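The following exercises are to be worked through with the sequence and the three-dimensional model at hand. Each task is followed by a solution in steps.

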Amino acid sequence: MSLTTIPEINQFLNEFKEIVTSNDWLEIIRRENNISGMIGLGLDQDLATEEILYLTYKDYSEGPKDDRGEGYHGEIWVFGKVINNKLAYIKLKIDIKAGEKIAKCLSFHPAYPTMNLPYSDGNI
């Protein structure tokens, strides 16, 4: 599998951010590990959304990968970002509901234990 290119990553991030800002909303999946993970990183939903809006290609870890959950479709992208001196694992997806694109954050919690960030200034 070849490495996703910087233009491909930027295209995804630009589209994702455009959906968030045009809808003024990001759907963060309310799983226990996301809620406790954001709290552990010192974030609420608004601050988590802000962190996501500042993601760049340097935060890229992996993707796109097919969402293989039963009944799901689309692609999943994974990013890692240092927040309050902790590396955060951030999994994003653009979904479609009733013909409208929805920006979703599937995971947002501390990374376990590290992540490969091929475009960062140094892997974390």
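A pocket is an open set of grid points with protein on both sides within 12 Å along at least five of seven lines, and its lining residues have an atom within 4 Å of a point. The structure examined here is a predicted model.

**Exercise 1. The largest pocket**

Determine which residues lie nearest the centre of the largest pocket, and describe its lining.

Solution.

Step 1. Rolling a probe the size of a water molecule over the atoms shows where empty space is left. The largest pocket found in this model has a volume of about 270 Å³.

Step 2. Its lining consists of 15 residues, and those nearest the centre are Phe12, Glu15, Glu75, Trp77 and Ile94. Two or more lining residues come from each of helix 1 (6-23), strand 3 (75-83) and strand 4 (86-97).

Step 3. Sorted by class, the lining of the largest pocket contains 5 nonpolar, 4 polar and 6 charged residues.

**Exercise 2. The second largest pocket**

State which element supplies the largest share of the lining of the second largest pocket.

Solution.

Step 1. The volume of the second largest pocket is about 160 Å³.

Step 2. Its lining is formed by Ile29, Arg31, Asp67, Tyr72, Ile76, Lys91, Lys93, Asp95, Lys104 and Leu106.

Step 3. At least two lining residues are supplied by strand 4 and at least two by strand 5 (100-110). Strand 4 gives the largest share, with 3 residues.

Step 4. By class, the lining of the second largest pocket has 4 nonpolar and 6 charged residues, and no polar ones.

**Exercise 3. The two sides of helix 1**

Examine the span of helix 1, and find which of its residues are buried and which are exposed.

Solution.

Step 1. Helix 1 has 18 residues, which at 1.5 Å a residue should span 26 Å; the C-alpha atoms at its ends are 26 Å apart, so the two values agree.

Step 2. A residue counts as buried under 20% relative accessible area and as exposed over 50%. In helix 1 the buried residues are Ile9, Phe12, Leu13, Phe16, Lys17, Ile19 and Val20. Because they cover an arc of only 155° around the axis, they are on the same side of helix 1.

Step 3. On the other side of helix 1, Pro7, Gln11 and Asn14 are exposed.

Step 4. The partners of the buried residues of helix 1 are helix 3 (45-53), strand 2 (60-66), strand 3, strand 4 and strand 5.

Step 5. Just after helix 1, Asp24 has a positive phi of about 50°.

**Exercise 4. Helix 2 and Gly37**

Repeat the analysis for helix 2 (residues 32-40), and then list the contacts of Gly37.

Solution.

Step 1. Asn34, Gly37 and Met38 are the buried residues of helix 2. Viewed down the helix axis, they fall within an arc of 95°, and therefore line one face of helix 2.

Step 2. Glu32 and Ile39 are exposed on the other side of helix 2. The buried residues of helix 2 pack against strand 1 (27-28), helix 3 and strand 5.

Step 3. The relative accessible area of Gly37 is 5%, so this residue is buried. Leaving aside residues up to four places away in sequence, Gly37 touches Glu32, Phe108, His109 and Pro110.

Step 4. Gly37 and Ala88 are separated by 51 residues in sequence, while their C-alpha atoms are 8.6 Å apart in space.

Step 5. Gly42, just after helix 2, takes a positive phi of about 80°.

**Exercise 5. Unusual backbone geometry**

Where are Asn84 and Asn85 found, and are they buried or exposed?

Solution.

Step 1. Most residues other than glycine have a negative phi, and most peptide bonds are trans.

Step 2. Asn84 has a positive phi, near 50°, and Asn85 has a positive phi, near 65°.

Step 3. Asn84 is in the loop between strand 3 and strand 4, and Asn85 lies in the loop between strand 3 and strand 4 as well.

Step 4. The relative accessibility of Asn84 is 54%, so Asn84 counts as exposed. Asn85, at 78% relative accessibility, therefore also counts as exposed.

Step 5. A further point concerns the peptide bond that joins Gly63 and Pro64, which is cis, with omega of about 0°. Pro64 belongs to strand 2.

Terms used
Residues numbered from 1 in each chain as written. Predicted model: local features only at pLDDT ≥ 70, side-chain atom pairs only at ≥ 80, totals over all residues. Heavy atoms only, no water. 1 Å grid on protein atoms, 1.4 Å probe; cavity = no way out; pocket = protein on both sides within 12 Å on 5 of 7 lines; lining within 4 Å. Points joined across faces, edges and corners; volume = space filled by probe spheres on them. Helix = DSSP H or I, 4+ residues; strand = E, 2+ residues; numbered from the N terminus. Nonpolar A, V, L, I, M, F, W, Y, C, P; charged D, E, K, R; others polar. Buried < 20%, exposed > 50% of the residue type's maximum accessible area, 1.4 Å probe, protein only. Arc of directions from axis to C-beta. Contact = heavy atoms within 4.5 Å. Expected span 1.5 Å × (residues − 1).
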